[in-house]
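Work through the exercises below with the sequence and the 3D view side by side. Try each task before reading its solution.

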Amino acid sequence: MAPFPFHHWFVTQVELSHRRILLSAASALIAVGLVALISQLSLSGRDVPLLAASIGASAVLLFATPTSNFSSPWAFVGGHMVSVLIGITCARWIPSLPLAAASAVSLAIVAMFYLRCLHPPGGASALMVVLGGESVQQLGYQFALTPVLLNVAVMLACAMLYWHLAGIRRHSPIEEGPRLHDDWQRREEEWLAGETPFSHQDLLHAMGEMDTYLDISEHDLQEIYARAMQRAHQYALDGIRCGDIMSQPVISVEYGTELGEAWALFERHYIRGLPVVDSFRRVQGIITVSDFVHMANEFRANGEATDDSHGGMAEHLAWLRQRTPGFESDKPEVAGQLMTTPVITAWVDDPVSELVPLFTQHAIHHMPVVDERRRLVGMLTREDVMAARAGAG
């Protein structure tokens, strides 16, 4: 006999730390307590539970599921305020109580959809005004200001404090969408998979085709996919050590190597990074093509590079590489003055799967490999990881 099909009733829930759970509960305790006090001072005793119920539902969203679209500041504030105003209007102009209640909730849903502030407890706010007692009815539109707007402000302030303490980041699609599109695809996909699986527009189109409300942001979808891909790559690289795939022998420079000589090594060996070592071959830093470009851009922006202020990047790079006559200079002259330090290094026996996140987190392309005496023995690059991943696949 087949088991009773209860298993599909339960969804997989993300496990949170005990600290996170207790912090959210404590924040909700303070926020709802303040809201209940404000409501008690503004309304008669029997009308307080109606308002408290709506705010309590919001507390679950703000403090338990803070990254949900329902929990964004605009969804919370707009959802409550728009719904309350609609509820007050319906209560005033529709004499039939059932019709007024139904209209208030229905119109609130429409308004929240079009104003992009969908917040489920907003429906309760609209209904609360219609079904509220005498103290609510007497306040009229004043009810939207006190206690509703005051309660919303207090609750939002507590929520934002909680988000800050818990390290919760909310993402603005307007401000971060283009950057996430560029950085996420380049850093998480191109250097590991060799190509991007889909574009920003592909993702938006797929979400639109579903024609349903998705309680997850575009940014979160991208991050979930990126993390899943990263985990898959790490699994494929399991068991491979840094020393197994690192490039060697390594071309390096010393602190006093002139920039022109370092650039010549880039061109001669088709590489983009050079470790800077001391006389014992211990890594002091790393100098990359990006270091040259950033420095040339800085001098170019300050008008300190070439005599031609409209010169292109090639002219400014050439000026940076050129040795300055005499004993004084306003620009870097040797590798040690331009190198990035401290440098992120790997041990020769480090598992490659543990090093993959470092490339993305620190936006680096090269990682010098050292032995137990911290002497340079190899170089691990993104190309080395890609080749190992392709071989493992």
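## Exercise 1: a residue in a helix

E218 lies in helix α10 (residues 218-236); helices (H or I, at least four residues) and strands (E, at least two) are DSSP runs, numbered from the N terminus. This is a predicted model, in which local features need pLDDT of at least 70 and side-chain atom pairs count only at pLDDT 80 or more, while totals for chains, interfaces and linings use all residues. Residues are numbered from 1 along each chain as its sequence is written, and side-chain values use heavy atoms, with hydrogens and water left out.

Task: decide whether E218 is buried or exposed.

Solution. Start with the cut-offs: buried means under 20% relative accessible area, exposed over 50%, and partly exposed in between (1.4 Å probe, protein chains only). E218 has a relative accessibility of 14%, so E218 counts as buried. Next, look along the chain: L203 is 15 residues from E218 in sequence, and their C-alpha atoms are 7.8 Å apart in space.

## Exercise 2: a residue in a loop

Task: find where Q248 is placed, and state which residues Q248 contacts beyond its neighbours within four places in sequence.

Solution. Step one: Q248 sits in the loop between α11 (242-245) and β1. Step two: its relative accessibility is 52%, and therefore Q248 counts as exposed. Step three: contact means heavy atoms within 4.5 Å. With neighbours within four places set aside, Q248 touches V377 and G378. Q248 and V377 are 129 residues apart in sequence, yet 7.2 Å apart in space, C-alpha to C-alpha.

## Exercise 3: the sheet β1-β2-β3

Task: give the strand order of this open sheet, then describe how each pair of strands runs.

Solution. Two strands pair if DSSP finds at least two bridges between them. The open sheet has three strands in the order β1-β2-β3, and its pairing is mixed. β1 (253-254) and β3 are at the edges with a single partner strand each, so one side of each has no neighbour in the sheet. β1 and β2 run parallel and are joined by two bridges; V253 has V276 in β2 as its bridge partner. Helix α12 packs on the sheet and touches β1, β2 and β3, its direction making about 135 degrees with that of β2. Such angles run from 0 to 180 degrees between N-to-C directions, and axes are lines fitted to C-alpha atoms, for helices over the stretch in contact.

Now take the other pair. Strand β2 (residues 273-277) pairs with β3 in the antiparallel sense over five bridges, and G273 stands opposite T288 in β3. The two strands form a hairpin with five residues between them, and R281 in the turn has a positive phi of about 65 degrees. As for cover, five of the six residues of β3 (residues 283-288) are buried.

## Exercise 4: the sheet β4-β5-β6

Task: name the edge strands and the helix that packs on this sheet.

Solution. This open sheet also has three strands and mixed pairing, in the order β4-β5-β6. Its edge strands are β4 (346-347) and β6 (376-381), each pairing on one side only. Helix α16 (residues 352-361) packs on the sheet, touching β4, β5 and β6, and its direction makes about 140 degrees with that of β5. Strand β5 (residues 366-370) runs antiparallel to β6, with five bridges between them. Opposite partners include V369 with G378 and V370 with L376. In the hairpin of β5 and β6, with five residues between the strands, R374 takes a positive phi near 65 degrees. β6 is mostly covered, with five of its six residues buried.

## Exercise 5: packing of helices

Task: find which side of α14 is covered, and by what.

Solution. In helix α14 (residues 313-321), the residues H316, L317 and L320 are buried. They cover an arc of only 100 degrees around the axis (taken from the directions from the helix axis to the C-beta atoms), which puts them on the same side of α14. An α-helix has 3.6 residues a turn, so residues three or four places apart point the same way. The buried residues of α14 pack against α12 (259-269) and α13 (289-301).
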